[in-house]
Amino acid sequence: MTEKQKELINPLAIAKLLGSSNPKLDHLVRFLNSVRGTDKVLMFIQYWSKVIIWFIYRKKKGSLKTTASLIQRIKNLAGPVSDFRILLRYYGLLPMIQYMNYLEYHPPSTKLALTIERLQNWANIIYYPLEHIYWLGAHDVIPLSEEKTNKIGIWSCRFWAAYVILEYGRLMEQYKDLKRRETGLLKRIKAGDIETCEDPEAEMASIKAERITMFVNTCINTGYLPLTIHWSLEKSNFPDVLVGVFGGFASIFQIYSAWKATA
């Protein structure tokens, strides 16, 4: 074997192709090392697997047995992924308590926005324990009848739905606040009424960044809305493929948000 061939099969030599510094790889590692980043990748798999199953079922290529086997294998992946995502949220109450404390000392610009965020926090405070009790009951970790387990699951989703509906109100208040800030800044720039310590370009860039974040959060919320309503009903005819479409749509923007947060 020549030296060149040895070098090609040497993993360290192959690693040299990445260069001494690779910011994109570093960013990807940070993203996947975060609980949020991992959760959103798994969310993408969980929901888009439903769309893939629908697509395979519609095409029905090959024998029925082969098709059924392939669909079952995808379900065998999606099921544990869904379970693992719930387990990843085991600590979900702690950030809520932390944010409730932060909110009281750093309230938003309007009383309405503060009220909405307080209600959202209470919705989550109830949602998380109910979801965990549902999961423990569904997996026979705690003794609960199937009827009670399902009822707890429905009520947990109702509080999630309440959070999602309230989020539209919070986003509207955020939009109004951004509009006020932008209008006020433009008026002051036009009038030449800028303090020496101010940086209008930085302030405008901050407003633009917040507007992008608001748009992303609106898209995520819009993906969640039909899902939370569907899971809040005792009987719903919402197709599973649409659960995949809306959840998959939300997952794309969730990944984008988590990626930006780990930049």
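Author: A salt bridge is a side-chain nitrogen of Lys or Arg within 4 Å of a carboxyl oxygen of Asp or Glu. Keep that cut-off in mind. The model here is predicted.

Reader: What is the general idea behind such a pair?

Author: Side chains of opposite charge can pair when their charged atoms come close. Now take a case. Glu 210 and Arg 181 form a salt bridge, and their closest N and O atoms are 3.0 Å apart. Glu 210 sits in helix 9 and Arg 181 in helix 8, so this pair ties together parts 29 residues apart in sequence.

Reader: Which other side chain meets Arg 181 in a salt bridge?

Author: Glu 203 does, at 3.2 Å from N to O. Glu 203 belongs to helix 9 (residues 200-232) and Arg 181 to helix 8, so parts 22 residues apart in sequence are tied together.

Reader: Where do Arg 180 and Asp 177 lie?

Author: Both are in helix 8 (residues 146-191). They are 3 residues apart, about one turn of the helix. Their side chains meet in a salt bridge of 3.8 Å, N to O.

Reader: How many salt bridges does the structure hold?

Author: It holds 11. Some link up into a network: Asp 39, Lys 40 and Arg 85 are joined this way.

Reader: How do I read accessibility? Is Arg 181 buried, exposed or partly exposed?

Author: Use two cut-offs: buried is under 20% relative accessible area, exposed is over 50%, and partly exposed lies in between. Arg 181 has 25%, so Arg 181 is partly exposed. Glu 210, at 26%, is also partly exposed. Arg 180 has 45% and counts as partly exposed.

Reader: Why does Asn 33 count as exposed?

Author: Its relative accessible area is 65%, and exposed means over 50%. Asn 33 lies in helix 3.

Reader: Which residues form a nonpolar patch on the surface?

Author: Leu 18, Leu 25, Leu 28, Val 29 and Leu 32 do. Together they have about 390 Å² of accessible area. Pick out Leu 25 in helix 3 (residues 23-33). Leu 25 is partly exposed, with a relative accessible area of 37%.

Reader: Now a pocket. How much space lies in the second largest one?

Author: About 170 Å³. Next, ask what lines that pocket. Gln 46, Trp 54, Lys 75 and Asp 240 are among the lining residues. By class, the lining has 4 nonpolar, 4 polar and 3 charged residues.

Reader: Which helix gives the largest share of that lining?

Author: Helix 4, with 5 residues. Helix 4 (35-59), helix 5 (64-88) and helix 10 (240-261) each supply at least two.

Terms used. Residues are numbered from 1 along each chain as its sequence is written. This is a predicted model: local features need pLDDT of at least 70, side-chain atom pairs count only at pLDDT 80 or more; totals for chains, interfaces and linings use all residues. Side-chain values use heavy atoms; hydrogens and water are left out. Patches are made of residues with over 30% relative accessible area and no salt bridge: like charges are joined within 9 Å, nonpolar side chains (Val, Leu, Ile, Met, Phe, Trp, Tyr) within 5 Å. Accessible areas come from the Shrake-Rupley method with a 1.4 Å probe; for residues, only the protein chains shown count as cover. Helices (H or I, at least four residues) and strands (E, at least two) are DSSP runs, numbered from the N terminus. Buried means under 20% relative accessible area, exposed over 50%, partly exposed in between (1.4 Å probe, protein chains only). On a 1 Å grid over the protein atoms alone, a cavity is a set of points where a 1.4 Å probe fits but cannot get out, and a pocket is an open set with protein on both sides within 12 Å along at least five of seven lines; lining residues have an atom within 4 Å of a point. Grid points are joined across faces, edges and corners, and a volume is the space filled by probe spheres set on the points. Ala, Val, Leu, Ile, Met, Phe, Trp, Tyr, Cys and Pro count as nonpolar, Asp, Glu, Lys and Arg as charged, and the others, Gly among them, as polar.
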